[in-house]
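Here is a short tour for anyone who likes to read a fold from its geometry. Have the viewer open and follow along at your own pace.

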Amino acid sequence: MKSPAYFIYARKSTDDEERQQLSIPAQLDELRTFAQKEGLVIADTFIESKTAKVPCRELFNQMLNRIEKGEAQGILAWHPDRLARNAVDAGRIVYLLDRNILSDLKFPTFWFQNTPQGLFMLSIAFGQSKYYVDALSVNTKRGLRQKVRLGWMPSCAPIGYLNDRLTKTIVKNPKTWLIIKQLFEFYAEGSHTIIEASDFLAKKGFISPYGNNIHLDRVKKILKNPFYCGLFWYSKELHPGKQEPIISKKLYDTVQEVLSRRCHPKSKIRVPKPFAGFIKCGECGMTITAEIQKGYLYYRCTKKSKVHDCSQPFIREEKLLEQVNSVISQVSLRTDWGEHMLAKLKTERDNISQSVMVASKELKEKVILINKKISFLLDSFVDQTLSREDYLLKKSQLVSEKKSLEEKIIELSRRPFDWLERMRSWVISALEADKIASDNKNHFQKREFLNMIGSNLTMKDKTVDCDLPDQWAALESNYRSVLYQRTVLPLNYARLLSIL
Ligand SMILES: [Zn+2]
């Protein structure tokens, strides 16, 4: 019988776990020396730099095909694990041996004989290679869990973030995070559809690879991802994350509310109607709404009253604006008053800090309590007095609650000052009333201003009426209070908690 010809097969993949393996030139050196020593005939050499974890090695398959054609009867490789690390490839080799198409395998590191015992040993060697791969994947999973415990989501960063390869953390993407924040703010307004949200993203340059708008499901997925407020899901559990949040938990919750509220999207194009819903009809008391007629914006009574048949006519936007402007110009704050108030507000700010400290201490104690609950929950789960589902559910609730509390603590250091800030901006705009009235572009600013001073506007026979004089007087006395009697300021402890 003619002595069999051999194919040399050398392989080393670029995977991390194969770093310890012999390099390809070193394998070839060893194999050629071995062939010479054993007097083997070499028909061809195959060199591959692919992983053997999955059965898709081109050259390996080519080699087996050529063996089936009878070009060689044996394979020479450094170790069985060079040939196969998955059950399919291992099975293929064993099957070729069974049918005697492959008559021999040679390894410098492993003695093989084509007998039932030899095949058994080979199967074990292949099995070990597979075990090695599987164990590695178990180790990887363990590593991932550790990462989760440290507060890092062990997967690809969502849009708006980047995986920092160096530190193995997730950081904000300087190019996109702000757009994601704006998307949340945009959607939280509650008046926009997902389609509009997708348009919003498209305007900011977020489009699909084919140049279309991002798919609506994907937009929803972004809006539902708690990663942006500092949490993340991993194996069905909600975890607190170390990533810098892009949005607050509160904004996230608002968006979730809007998402659940809005099921039927509207596709109408929006025209800004700054005073719709803001003015009341002087005849029937219903709200004044706005609509487009022949390209012009008109305001009119909704005439929804069931007891009164309202006869009020339409009014063109321009006519309404003229009157609104004159109302606003009536309101301007004396400069010396304004300046005095600003100084007073500044002093107020310093005085609040004390109450804030008390309130935030209480919240911090609540957080400590939740931490205790979480650890108690874990104990119950470990003691098996709690089912896994219950554990996960309760833990997610606590983690979410804790996040809200922590946010309140941060907010507390800011929120009371918000009140002062609003007052301050009020004073500043009252000082600027004239400017606001003559601004012909920003009509929403006018509405905001009128709203801020608490004026009630009514309209009858195309004439806008404003109960400003009384309101204004009330405001003046409020000013006096702020200026001269500190006690009316709503800054006691109870009030502080109630605004949160
Ligand atoms: Zn009416």
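## Two helices that cross

Before we start, one cut-off is useful: an angle of 65 to 115 degrees between helix axes counts as roughly perpendicular. Please also keep in mind that this is a predicted model.

With that cut-off in hand, turn to helix α7 (residues 194-203) and helix α8 (residues 216-224), whose axes come within 9 Å and cross at roughly 90 degrees. The two helices α7 and α8 are therefore roughly perpendicular to each other. On the α7 side, the contact is made by I194, I195, A197, S198 and L201, which meet L216, V219 and K220 of α8. Sorted by class, this contact of α7 with α8 has 6 nonpolar residues, 1 polar and 1 charged.

## The chain as a whole

Stepping back, the chain has 17 helices and 14 strands. It is 500 residues in length, and buried residues make up 21% of them. If you take contacts between residues at least 6 apart in sequence, 64% of these join residues at least 24 apart.

## Nonpolar cores

Which residues of the largest nonpolar core touch the most other members? They are Y6, F7, I8, Y9, I75, L76 and A77, out of 26 residues in that core. Two or more residues come from each of β1 (5-11), α2 (58-68), β3 (74-77), α4 (87-98) and α5 (116-149). Strand β1 gives the most to this core, with 5 residues.

For a closer look, pick Y9. Apart from neighbours within four places in sequence, Y9 is in contact with F46, M63, I75, A77, R82 and L83. There is also a second, separate core of 23 residues, and M153, I170, V219 and L223 are among its members. You have met V219 already, as one of the α8 residues in the contact with α7.

## A mixed sheet of three strands

Strands β9, β13 and β14 form an open sheet in the order β9-β13-β14, with mixed pairing. The edges are taken by β9 (280-281) and β14 (463-466), each with a single partner strand, so one side of each is left without a neighbour in the sheet.

How do the pairings go? Strands β9 and β13 run parallel and are joined by 2 bridges, with K280 having T458 of β13 as its bridge partner. On the other side, β13 (residues 457-460) pairs with β14 in the antiparallel sense over 4 bridges, and here K460 stands opposite T463 of β14. The hairpin of β13 and β14 has 2 residues between the strands, and in it D461 takes a positive phi near 50 degrees.

The side chains of β13 are worth colouring by burial. In a regular strand, side chains alternate between the two faces of the sheet. Along β13, L457 and M459 point to one face and are buried, whereas T458 and K460 point to the other and are not.

## An antiparallel sheet of three strands

Another open sheet of 3 strands has the order β10-β11-β12, and its pairing is antiparallel. Its edge strands, β10 (288-293) and β12 (315-316), each pair on one side only. Strand β10 pairs with β11 (residues 296-301) in the antiparallel sense over 6 bridges. Within that pairing, I288 stands opposite C301 in β11.

## Two loop residues with positive phi

Most residues other than glycine have a negative phi. Two loop positions are therefore good ones to check on a Ramachandran plot.

One is N100, in the loop between α4 and β4 (104-106). Its phi is near 65 degrees, a positive value in a residue other than glycine. Is N100 buried or exposed? With 9 C-beta neighbours inside 10 Å, N100 counts as exposed.

The other is K168, in the loop between β5 (161-164) and β6 (169-172). Although K168 is not a glycine, it has a positive phi of about 55 degrees. K168 has 10 C-beta neighbours inside 10 Å, so this residue counts as exposed too.

Definitions and conventions. Residues are numbered from 1 along each chain as its sequence is written. This is a predicted model: local features need pLDDT of at least 70, side-chain atom pairs count only at pLDDT 80 or more; totals for chains, interfaces and linings use all residues. Axes are lines fitted to C-alpha atoms, for helices over the stretch in contact, and angles run from 0 to 180 degrees between N-to-C directions. Angles under 35 degrees count as roughly parallel, over 145 as roughly antiparallel, 65 to 115 as roughly perpendicular and the rest as oblique. Two residues are in contact if their C-beta atoms, placed from the backbone, lie within 7 Å. Ala, Val, Leu, Ile, Met, Phe, Trp, Tyr, Cys and Pro count as nonpolar, Asp, Glu, Lys and Arg as charged, and the others, Gly among them, as polar. Two strands pair if DSSP finds at least two bridges between them. A nonpolar core is a set of buried Ala, Val, Leu, Ile, Met, Phe, Trp, Tyr and Cys residues joined through C-beta atoms within 7 Å. A residue is buried if 20 or more other C-beta atoms lie within 10 Å of its own, exposed if 12 or fewer, and partly exposed in between; C-beta atoms are placed from the backbone.
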